[in-house]
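Colleague: I'm new to this one, so could you walk me through it in plain words? I'll ask as we go.

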Amino acid sequence: MEIQSDVFKAYYKMEAEYNYSYGRISKFFRELMENRRIMGSKCRKCGVVFCPPTSDCPKCWTPTEWIEVGQEGTLLHYTIIHMPALWVEREIPHTLGLIRLDGADTGLMHYVDETDKTKLRNGLRVKAVFAEERKGYITDIEHFEVVTSMRKAR
Amino acid sequence: MNRVAVVGISDMRAARRRDDATFFQLAYDAAKEAVEDARLTKEDIKYCFFSTANENFNRQPLMGIYIAEALGWSQKPLFEFTNAGGASGSALSAAYNYVASGQTDLVLVVGGDKISDADAPDLNGFQNLIVYGNDCLFEVPFGTGLGQFALLCQAYMSIYGITEEQAAKVSVKNHGNALLNPNAQSPKKISVEDVLNSKVLAWPIKFLDCSLVSDIFAAVVFASEERAKELREDPIWIKGVGHANDVGKFGWREVMNPGMNFGQAPVMRAAAKDAYRMAGITDPLNQICVAQVQDGFTWLELLTYEMLSFCGEGEGGKLIDEGATEIGGTLPVNPGGGCIGHGHAYGGIGMFDMAEVVKQLRGEAGGYQVEPAPTTGLVETMGGSGMCVSTVFILERG
């Protein structure tokens with residue numbers, strides 16, 4: 001094929017808006033927004049506690065029941081982000097962690113308020129800090145802060 | 001099941017930006033090359049399988065319709081697959097079964113992406129679109145397509161003691177292999193230090209740990225045994241196929257795969273297990289002569305060595321240290337440069353990798369031909385949201 005020399009390109013922007021149903025996991029977002037509580041969903045058959053939650057256990061195809069999980073948890077893994085998407089207002093670099101909340105079996109992705117690599121390690125204890133203004137998104141938790149022994153005693 | 005052969009492949013020219021072609025033109029060009037390589041015309045083939053990473057990457061939704069239009073696929077079936085890097089594996093797997101089952105005797109599989117269309121105003125635009133492929137409620141708000149992979153890399157490093165230096169060696173190898181490949185987009189001689197000193201994007205992932213961003217499509221043609229023997233003296237036979245999915249949410253993977261940890265990719269292991277069983281592979285490192293695997297990030301190639309049982313659990317770093325996967329090693333991996341050095345066909349990566357292995361098995365790989373002439377090759381694709389879809393193929397010459 002002959003390559004043309006008079007090629008041309010143009011800018012285009014596509015926008016979309018949604019009203020997205022939370023369905024049977026609505027309670028998770030309502031509790032987060034209204035009561036600063038973090039809910040997990042426990043499979044009535046296998047007992048796995050999901051957080052992020054699910055209305056039905058994908059392992060057992062069995063309905064789950066709501067249980068409150070801890071506001072503290074364990075940092076399983078982490079990454080320090082230097083290149084976020086355009087809608088992220090959090091300053092860079094910032095840390096994204098995989099957090100297993102006390103009482104849950106799965107990992108929840110969220111910000112961890114510590115970017116010093118020497119202070120980050122798997123197994124750190126972290127605690128949820130809620131946003132003042134909450135709107136029914138996972139970011140109603142502003143981030144997780146590292147729990148120091150002093151804070152723990154308090 | 002009937003035997004199935006690869007009888008046609010497209011050219012694998014990779015480029016960062018192809019302003020001379022539309023998305024649909026690239027698909028057309030790759031399809032035409034593969035059909036001509038099979039010494040066929042489009043009228044000979046009834047079924048077409050099309051894959052693309054993510055419909056967001058192109059301005060035109062319902063792409064399959066317009067691919068059918070570009071290819072003139074009227075009154076014939078064309079199926080579309082999308083699940084990021086896993087799309088092409090799904091398309092190939094389905095296409096294989098259409099021939100193996102006797103439904104048809106010739107299929108065309110084409111796929112790829114034109115990422116440069118999606119990177120307005122710059123590469124960050126493309127990164128934003130990748131993020132939309134993550135879980136929309138629990139991951140997208142954090143806005144990082146790399147983040148999920150970076151968490152996996154950190155898990156793999158910390159659980160198994162894999163180092164950033166060992167990962168960097170994959171980049172050195174694959175950019176270096178690309179020097180031997182005239183179709184490659186990023187041939188260069190770099191050092192481990194260059195990789196370690198490159199810009200941090202999502203620690204531990206740095207710029208030179210990443211695969212390329214390309215405008216490239218790839219295509220293959222499969223034939224039944226009877227047709228394959230009519231068409232070519234050197235059909236390449238598909239001996240094994242395995243395909244698996246996993247949950248998209250990274251945080252759920254451990255509970256869905258008991259006994260595995262966050263530093264593993266059980267989906268690849270499952271795909272490999274089925275493909276190996278079908279092809280009679282019991283000692284992959286020694287039975288497979290050449291492999292094309294998804295090297296989206298340097299760590300991923302090391303992890304893939306483990307998940308495909310080229311080495312034991314936690315030994316991926318050791319395998320690259322020993323040089324086993326270099327051209328001339330026990331099992332050369334990505335000898336043409338892979339996604340890091342050659343080009344990243346994204347939604348068409350399976351066809352791209354399969355075509356590369358076919359070239360090796362035909363003995364047509366030129367400067368990066370593996371010697372002695374390989375008889376058995378492996379193709380692995382991986383994708384979905386942070387590694388949740390994988391396909392493995394075993395190919396054989398003669």
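Modeller: Let's settle one term before you start: two residues are in contact if their C-beta atoms, placed from the backbone, lie within 7 Å. This is a predicted model, in which local features need pLDDT of at least 70 and side-chain atom pairs count only at pLDDT 80 or more, while totals for chains, interfaces and linings use all residues. Residues are numbered from 1 along each chain as its sequence is written, and chains are lettered from A and ligands numbered from 1 in the order in which they are written.

Colleague: Which helix gives the largest share of the side of chain B that touches chain A?

Modeller: Across the two chains, 35 residues of chain B are in contact with 39 residues of chain A. On the chain B side, α4 (123–131), α5 (145–160), β5 (200–203) and α9 (253–256) each supply at least two residues; helices (H or I, at least four residues) and strands (E, at least two) are DSSP runs, numbered from the N terminus. The largest share is seven residues, and it comes from α5(B).

Colleague: How many residues of α5(B) are buried?

Modeller: A residue is buried if 20 or more other C-beta atoms lie within 10 Å of its own, exposed if 12 or fewer, and partly exposed in between, with C-beta atoms placed from the backbone. α5(B) has 16 residues, and it's largely enclosed by the rest of the structure because the buried ones number 13.

Colleague: In β5(B), which residue is the bridge partner of A:Ile81?

Modeller: Two strands pair if DSSP finds at least two bridges between them. Strand β5 (residues 72–81) of chain A and β5(B) do so in the antiparallel sense, over two bridges. The partner of A:Ile81 there is B:Ala202.

Colleague: Which strands stand at the edges of the open sheet in chain A?

Modeller: Strands of a sheet pair through backbone hydrogen bonds, either parallel or antiparallel. Here four strands of chain A run in the order β2-β1-β4-β3, with antiparallel pairing. Two of them have a single partner strand each, so one side of each is left without a neighbour in the sheet: β2 (49–50) and β3 (56–57).

Colleague: And what is the bridge partner of A:Met39 in β4(A)?

Modeller: Strand β1 (residues 39–43) and strand β4 (residues 62–68) of chain A pair in the antiparallel sense over five bridges. Opposite A:Met39 sits its bridge partner, A:Glu68.

Colleague: Which elements do the buried residues of α6(B) pack against?

Modeller: Helix α6(B) is mostly covered, with 12 of its 15 residues buried. Among those are B:Gln166, B:Lys169 and B:His175. They pack against chain B's α7 (192–197), α12, α13 (316–321) and α14 (338–341).

Colleague: At what angle do α6(B) and α12(B) pack?

Modeller: Axes are lines fitted to C-alpha atoms, for helices over the stretch in contact, and angles run from 0 to 180 degrees between N-to-C directions. The axes of α6 (residues 164–178) and α12 (residues 298–307) of chain B are 8 Å apart. B:Gln166, B:Ala167, B:Ala168, B:Val170 and B:Ser171 meet B:Thr298, B:Trp299, B:Glu301 and B:Leu302. The angle is about 100 degrees.

Colleague: How far apart are the axes of α3(B) and α15(B)?

Modeller: α3 (residues 87–100) and α15 (residues 349–362) of chain B pack at about 70 degrees, with their axes 6 Å apart.
The contact is made by B:Ser88, B:Gly89 and B:Leu92 of α3(B) with B:Ile349, B:Gly350, B:Met351 and B:Met354 of α15(B). So the axis distance you asked for is 6 Å.

Terms used: Expected span 1.5 Å × (residues − 1).
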